[in-house]
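Me: I'd like to go through the reasoning behind a few labels here. Can you take them one at a time?

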Amino acid sequence: MMKRKLFTGITTLAIFATMILPASAATSADKIAIEGKKTVTVGKTIELDSEIYPDKVEVKDSDIIWTSSKPSVAKILRKYDDDTQLKGVKAGTTTITVRIKGTDIKATQKVTVKKATSTTSSTSTDKTKLTKYKKKAKNIKTEIKKVTLASTFEGRRTQYNDFEKRLDSIGNKLDSMEDKWEDKYDSGEISRTTYRSMEKEIEKVEDYLETVENYLEKKYNYEFDD
């Protein structure tokens with residue numbers, strides 16, 4: 001009788017342990033990471049988020065601590081939270097650290113603070129470039145209109161590829177300019193209004209470039225349209 005009770009007690013304890021151990025293990029974080037931009041402009045702010053692993057682990061916001069190695073370069077605006085805002089103070093580089101209180105778990109990320117540049121000057125420069133790119137595209141279209149198609153397939157392919165390469169070059173420059181202005185906006189260097197204004201100017205030239213590309217394909221009867 002005594003053995004039966006002892007066995008029953010051991011079985012109950014084993015089941016209880018099986019039920020509580022996974023739940024206990026699931027509350028332990030084993031890694032934390034930082035997500036967000038790595039550049040910010042003086043006087044502007046960016047947002048940084050913490051990612052805790054495993055995904056289902058919950059850590060109190062008050063136990064997630066953010067610090068900057070050089071507050072004189074970039075200042076943490078929210079010290080305790082799962083995310084924070086970082087403000088650029090002066091040009092330079094700082095290391096941002098996020099850690100979980102009471103553990104050795106932490107992550108670091110270097111952030112560069114850039115000097116503020118004159119938006120007006122930068123906008124004017126790029127608008128001048130856009131005018132230049134559109135003029136180049138127009139000149140290419142004029143050349144396409146005047147060209148006499150080669151009599152052989154290979155000859156026509158050479159002509160087509162030459163025009164296409166020159167148009168692609170303009171397209172790549174437009175892509176780079178678009179990426180640059182997007183980075184300026186993401187880093188807080190410019191307002192959304194300024195970003196959207198430049199984006200529209202770039203899109204106008206991209207749209208015109210597309211009409212030239214379509215004209216090229218039509219000129220060659222879509223012979224090389226992939």
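Reply: Sure. A salt bridge here is a side-chain nitrogen of Lys or Arg within 4 Å of a carboxyl oxygen of Asp or Glu. This is a predicted model, and by that rule the count comes to 10 salt bridges. In one network of them, Lys 37, Asp 183 and Asp 186 are linked.

Me: What makes the pair Lys 37 and Asp 183 a salt bridge?

Reply: The N to O distance is 3.7 Å, and the cut-off is within 4 Å, so the pair passes. It also links distant parts of the chain: Lys 37 sits in the loop between β1 and β2, Asp 183 in helix α3, 146 residues apart.

Me: Why is Lys 37 called partly exposed?

Reply: Its relative accessible area is 30%. Buried needs under 20% and exposed over 50%, so Lys 37 falls in between. Asp 183, at 42%, is partly exposed as well.

Me: How do you know that Lys 180 forms a salt bridge with Asp 126?

Reply: Their closest N and O atoms are 2.6 Å apart, which is within 4 Å. Lys 180 belongs to helix α3 and Asp 126 to helix α2, so the bridge ties together parts 54 residues apart in sequence.

Me: Is Asp 126 buried or exposed, and what about Lys 180?

Reply: Asp 126 has a relative accessible area of 1%, and under 20% means buried. Lys 180 has 33%, so the label there is partly exposed.

Me: Why are α2 and α3 called roughly antiparallel?

Reply: The axes of α2 (residues 119–146) and α3 (residues 153–186) come within 10 Å and cross at roughly 165°. Angles over 145 degrees count as roughly antiparallel, so the label follows. The crossing is left-handed. Residues making the contact include Asp 126, Leu 130 and Tyr 133 of α2, and Leu 167, Ile 170 and Lys 180 of α3. The contact residues divide into 11 nonpolar, 2 polar and 8 charged.

Me: What makes Lys 204 exposed, while Glu 201 is partly exposed?

Reply: Lys 204 has 52% relative accessibility, and exposed means over 50%. Glu 201 has 26%, so partly exposed is the label there. Their side chains meet in a salt bridge at 3.6 Å, N to O. Both lie in helix α4, 3 residues apart, about one turn of the helix.

Me: And why does Val 57 count as buried?

Reply: At 9% relative accessible area, Val 57 is under the 20% limit. Val 57 is in the loop between β3 and β4, with its C-alpha atom 6.6 Å from that of Ser 28, 29 residues apart along the chain.

How values were computed:
Residues are numbered from 1 along each chain as its sequence is written. This is a predicted model: local features need pLDDT of at least 70, side-chain atom pairs count only at pLDDT 80 or more; totals for chains, interfaces and linings use all residues. Side-chain values use heavy atoms; hydrogens and water are left out. Axes are lines fitted to C-alpha atoms, for helices over the stretch in contact, and angles run from 0 to 180 degrees between N-to-C directions. Helices (H or I, at least four residues) and strands (E, at least two) are DSSP runs, numbered from the N terminus. Angles under 35 degrees count as roughly parallel, over 145 as roughly antiparallel, 65 to 115 as roughly perpendicular and the rest as oblique. A crossing is left-handed if the near helix is turned anticlockwise from the far one by less than a right angle, and right-handed if clockwise. Contact means heavy atoms within 4.5 Å. Ala, Val, Leu, Ile, Met, Phe, Trp, Tyr, Cys and Pro count as nonpolar, Asp, Glu, Lys and Arg as charged, and the others, Gly among them, as polar. Buried means under 20% relative accessible area, exposed over 50%, partly exposed in between (1.4 Å probe, protein chains only).
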